[in-house]
Amino acid sequence: MINIKQIIMSKTKLINQLFLPFELKSNVVVKNRLAVATMTTQQSNSDGTISVKESAWLERLASDGYGLVISCAATISREAIGFYNQLSVGEDPMIADLSLLAQRMKSHNTINLIQLCHAGSRAIHSLTGVKPKSASSYSVPMIADFETPEMLTVTEIKEIVTDFADACERVEMAGFDGVELHGANGFLITQFISSYLVYWNCFRSIKR
Ligand SMILES: Cc1cc2nc3c(=O)[nH]c(=O)nc-3n(C[C@H](O)[C@H](O)[C@H](O)COP(=O)(O)O)c2cc1C
């Protein structure tokens, strides 16, 4: 026979666990296990500085009681832009406004991260001013307006690694607790590791 009381007790225990602190490997303690996944809202200013609306949104999430709040995907450089009105951590002048936001979010005792992104082949040419670049030069015939990216050179890859590191430093200087690297949704990191793209490139080479 199902013991309703036991089921309710076990569910309650599980739910209560959500509100227990959680210690990360870095010894940082998150006040509970509720986290807001990163969501790109495209509401930063067109120069990449954080807007009043975006600040208010992130501060509201912090004040809502989540233990961990992750920002939208922020671009690490001008060449990496993948969205209109995308937040940028690609230049030092961005730090001042971000540090005001970090202070306000910190007052709610949250752990706050900024997601770092390089769009690679998905970078928007009209915003970056340069042809998109990726792990390899590939075409996607199913997408009519897909712009074939140029293959990154080893020197360029090293520059991008430095851009990621510089962006991390800016995030830290602004007073955020850490970063999350965007390694999904077909952006640059995925373009290096996606089995679909690796398969697609191998297939094209064999065909040639
Ligand atoms: C509007 C919207 C924007 C998102 N933007 C990002 C993003 O910038 N970076 C990312 O890694 N995931 C992004 N995601 C994915 C979410 O972070 C999350 O992984 C996804 O919604 C699945 O979680 P859920 O099942 O709780 O919705 C976005 C999702 C939504 C709905």
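Which residue in S5 is the bridge partner of Val69? The partner is Asn112. This pair belongs to a predicted model, and the sections below work outward from the sheet that contains it.

## Overall layout

The protein has seven helices and eight strands. Along the principal axes, its C-alpha atoms fill a box of roughly 65 × 55 × 30 Å. Of the 208 residues, 31% are buried.

Contacts were counted between residues at least 6 apart in sequence, and 68% of these join residues at least 24 apart.

## The four-stranded sheet

Four strands form an open sheet in the order S3-S4-S5-S8, and their pairing is parallel. The edges are strand S3 (35-36) and strand S8 (178-181), each of which pairs on one side only. In general, the strands of a sheet pair through backbone hydrogen bonds, either parallel or antiparallel.

Starting from the S3 edge, S3 and S4 pair over two bridges, and Val36 stands opposite Val69 in S4. S4 is then joined to S5 by six bridges, with Val69 paired to Asn112 in S5. S5 and S8 pair over four bridges, and there Leu113 stands opposite Gly178 in S8. Val69 therefore appears in two of these pairings, as the residue opposite Val36 and as the partner of Asn112, by the bridge criterion used for pairing strands.

S4 and S5 are both mostly covered: eight of the eight residues of S4 are buried, as are six of the seven residues of S5.

## The nonpolar core

The largest nonpolar core has 35 residues. Those with the most contacts inside it are Val69, Ala74, Val89, Leu116 and Cys117. At least two core residues come from each of helix H2 (52-63), strand S4 (68-75), helix H3 (95-106), strand S5 (111-117) and H5. S4 gives the largest share, six residues. As a general tendency, nonpolar side chains in soluble globular proteins are buried together.

Which residues does Cys117 touch, leaving aside those up to four places away in sequence? They are Ala73, Ala74, Thr75, Ile76, Ala80, Gly82, His182 and Phe187. One of them, Ala74, is also listed among the core residues with the most contacts.

## Around the ligand

The residues around the ligand are Ala37, Thr38, Met39, Thr40, Cys72, Ala73, Gln115, His182 and Ala184. By class, this shell has five nonpolar and four polar residues, and no charged ones. Ala73 and His182, both in the shell, are also touched by Cys117.

## Helices H1 and H5

Helix H1 covers residues 4-17 and has 14 residues. From its first C-alpha to its last, H1 reaches 20 Å, close to the 20 Å expected at 1.5 Å a residue. H1 is hardly covered, and the count of buried residues in it is zero.

Lys158 lies in helix H5 (residues 154-174). Is Lys158 buried or exposed? Lys158 is exposed, because 11 other C-beta atoms lie within 10 Å of its own, and a residue counts as exposed with 12 or fewer. Lys158 and Ala174 are 16 residues apart in sequence, and their C-alpha atoms are 24 Å apart in space.

## Loop residues

Two loop residues have a positive phi although neither is glycine. Gln42, in the loop between S3 and H2, has a phi near 50°. Asn85, in the loop between S4 and H3, also has a phi near 50°. Most residues other than glycine have a negative phi.

Gln42 and Asn85 fall in separate exposure classes. Gln42 counts as exposed because it has 12 C-beta neighbours inside 10 Å. Asn85 has 19 such neighbours, so Asn85 counts as partly exposed; a residue is buried from 20 upward.

Ser107 sits in the loop between H3 and S5. With 11 C-beta neighbours inside 10 Å, Ser107 is exposed. The C-alpha atoms of Ser107 and Ile143 are separated by 46 Å, and the two residues are 36 apart along the chain.

Definitions and conventions: Residues are numbered from 1 along each chain as its sequence is written. This is a predicted model: local features need pLDDT of at least 70, side-chain atom pairs count only at pLDDT 80 or more; totals for chains, interfaces and linings use all residues. The expected span of a helix is 1.5 Å times one less than its number of residues. Two residues are in contact if their C-beta atoms, placed from the backbone, lie within 7 Å. A residue is near a molecule or strand if its C-beta atom, placed from the backbone, lies within 6 Å of it. Ala, Val, Leu, Ile, Met, Phe, Trp, Tyr, Cys and Pro count as nonpolar, Asp, Glu, Lys and Arg as charged, and the others, Gly among them, as polar. A nonpolar core is a set of buried Ala, Val, Leu, Ile, Met, Phe, Trp, Tyr and Cys residues joined through C-beta atoms within 7 Å.
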